[in-house]
Amino acid sequence: MAESEMLKVLRKVGLLHVREMFDKEKITPNIISMLSKHELEYLGVSIPAHMITLRMECIKYGNMKPVKTDSLDGHPKYHVDKNVLESLLDCDFKISDIGNLVQLLERIIYRRMAHFGLQKRDFSGQGIEIQRWRLRDAIHRIDYAGTQERKTGRLHRRVYNVRAPNHLWHIDSNHKLVRWKFIIQGGVDGFRRLIMFLHCRDNNTSATVLKSFLSGVANFGIPLRVRSEKGLENVSVADFMLTKHGDGSMITGPSTHTQRIERLWRDVYEGVLSYFYNLFYHLEDQGILDPLNELHLVGLHYIYMDEINRRLDIWTQAWASHRIRKNNKIISYQYLDRRSNTESSWYTTQ
């Protein structure tokens, strides 16, 4: 005699000891999902873990099609037994799994839960309120080794500190428009976050970077130190600083250490570059601009280079008037006057 599907399921999940009750009640895999917790206990499946395993195994055999019942307050609704839904929630089934078991959408399950006043089991649902610090201390006591392991490699937020104006400049290049051969070169004072120079160029050679850097020196003086990335475009600036201030005046490292200028690039893009970025891509989409055509790029630079620099100058002036976060009553350029007497040796031209 061929083995029934239900018997195969019971054998697979290790519940052959309840075979007689399942045969007596003529239980088939497709109705398992419709049985409540109490009904499964009556059949001999009393352990919640066994209930979950049995229900999940029976999903592949299909379920009984949900039935719609007439409602007094609108169109017919799908019938879901409260006891079945409650038992599935008690067994910590996900809402998506419950939907698969009863062949209903998740939103319908949520509606029935709201109708029956049910919710996912958690501490608050059981009327238990625990302070966060108590829970944290309990985790430390129970799994101290695990908490220490999770701390490994954790980033600690540090306070960025520069002694005075012109004590440290951050310089970098922005390549948001490099597809069309536009390079943005900028420098910012690490103390007062004032922009020292901000220019759009058609190349990123060391000579061009030095030219932009010297424009900032002409306006604000030579800084005590400069921090940049380890790029060949910064070689000329490094030579200049080492000549003027000697060893230690040029600091190089990863971009994570030039955080002042890296953060500035985000605002520059939102305030100026995003307009040209979207415009140039629009010209490409319309077939007007070909970034691989040198003649097109020459024309693009002739038309837009001065305009980009003009907008960068306007944005720089506006940025110089913004208030600094930890000193809400002081704007960036005011630091130049406030520190001019006490810290003048750090930002006057040597």
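# Questions on a predicted structure

Visitor: With which residue does Glu307 form a salt bridge?

Guide: In this predicted model, the closest N and O atoms of the pair are 2.8 Å apart, which is inside the 4 Å allowed for a salt bridge. The two residues are 3 apart in helix α13, residues 294–320, and so are separated by about one helical turn. The residue that forms this salt bridge with Glu307 is Arg310.

Visitor: Which residues do salt bridges that share partners join into one network?

Guide: Glu307 is partly exposed, with a relative accessible area of 22%, and Arg310 is likewise partly exposed, its value being 44%. Through shared partners, salt bridges join these two and one further arginine into a single network, whose members are Glu307, Arg310 and Arg311.

Visitor: How many residues apart in sequence are the parts that Glu284 and Arg179 tie together?

Guide: The side chains of Glu284 and Arg179 meet in a salt bridge, with 2.8 Å from N to O. Glu284 belongs to helix α12, residues 259–285, whereas Arg179 belongs to the loop between β3 (168–174) and β4 (183–189), so the pair ties together parts of the chain that are distant in numbering by 105 residues.

Visitor: Is Glu284 buried or exposed?

Guide: The cut-off for a buried residue is a relative accessible area under 20%, and Glu284 has 15%. Its partner Arg179, at 37%, counts as partly exposed, whereas Glu284 counts as buried.

Visitor: By how much of a helical turn are Arg266 and Glu270 separated?

Guide: These side chains meet in a salt bridge at 3.6 Å, N to O, and each of the two residues is exposed. An α-helix has 3.6 residues a turn, so residues three or four places apart point the same way. Arg266 and Glu270 are 4 residues apart in helix α12, and their separation is therefore about one helical turn.

Visitor: Which element gives the most residues to the largest nonpolar core?

Guide: The largest nonpolar core has 27 residues, of which Phe182, Phe280 and Ile308 touch the most other members. The elements that contribute two or more residues to this core are β4, β5 (195–201), α12 and α13. With 10 residues, the element that gives the most is α12.

Visitor: How many residues are in the second, separate core?

Guide: Setting aside neighbours within four places in sequence, Phe182 of the largest core is in contact with residues including Leu177, Phe280, Tyr304 and Ile308. The second core is separate and includes Trp169, Phe220, Phe240 and Met241. The number of residues in this second core is 18.

Visitor: With the side chain of which residue does the side chain of Asn166 make a polar contact?

Guide: Asn166 is found in the loop between α9 (144–151) and β3, and with a relative accessible area of 0% it is buried. Its side chain makes a polar contact at 3.2 Å, and the partner side chain is that of Trp169.

Visitor: Which helices are included in what covers the buried residues of α5?

Guide: Helix α5 spans residues 82–90, and its buried residues are Val84, Leu85, Ser87, Leu88 and Leu89. What covers them includes the helices α3 (37–42), α4 (48–58), α6 (95–102) and α7 (106–116).

Visitor: Which residues make a nonpolar surface patch of about 240 Å²?

Guide: One member, Leu135, has its place in helix α8, residues 132–142, and at 40% relative accessibility it counts as partly exposed. The residues that make the patch are Ile130, Leu135 and Ile139.

Visitor: What value is the phi of Lys181 near?

Guide: Most residues other than glycine have a negative phi, and most peptide bonds are trans. Lys26, in the loop between α2 (19–24) and α3, has a positive phi near 55°, and this residue is exposed at 69% relative accessibility. Lys181, in the loop between β3 and β4, is partly exposed at 41%. Its phi is also positive, with a value near 65°.

Visitor: What percentage of the residues in the protein chain is buried?

Guide: The protein chain has 15 helices and 9 strands, and its accessible surface comes to about 21,500 Å², of which 51% belongs to carbon and sulfur atoms. Of the 350 residues in the chain, the buried ones make up 41%.

Terms used:
Residues numbered from 1 in each chain as written. Predicted model: local features only at pLDDT ≥ 70, side-chain atom pairs only at ≥ 80, totals over all residues. Heavy atoms only, no water. Buried < 20%, exposed > 50% of the residue type's maximum accessible area, 1.4 Å probe, protein only. Polar contact = N/O pair within 3.5 Å; in protein donor to acceptor, adjacent residues only side chain to side chain. Core = buried A, V, L, I, M, F, W, Y, C linked by side-chain atoms within 4.5 Å. Contact = heavy atoms within 4.5 Å. Areas by Shrake-Rupley, 256 points an atom, 1.4 Å probe, with all protein chains shown as cover. Patch = residues over 30% accessible without salt bridge, like charges linked within 9 Å, V, L, I, M, F, W, Y side chains within 5 Å.
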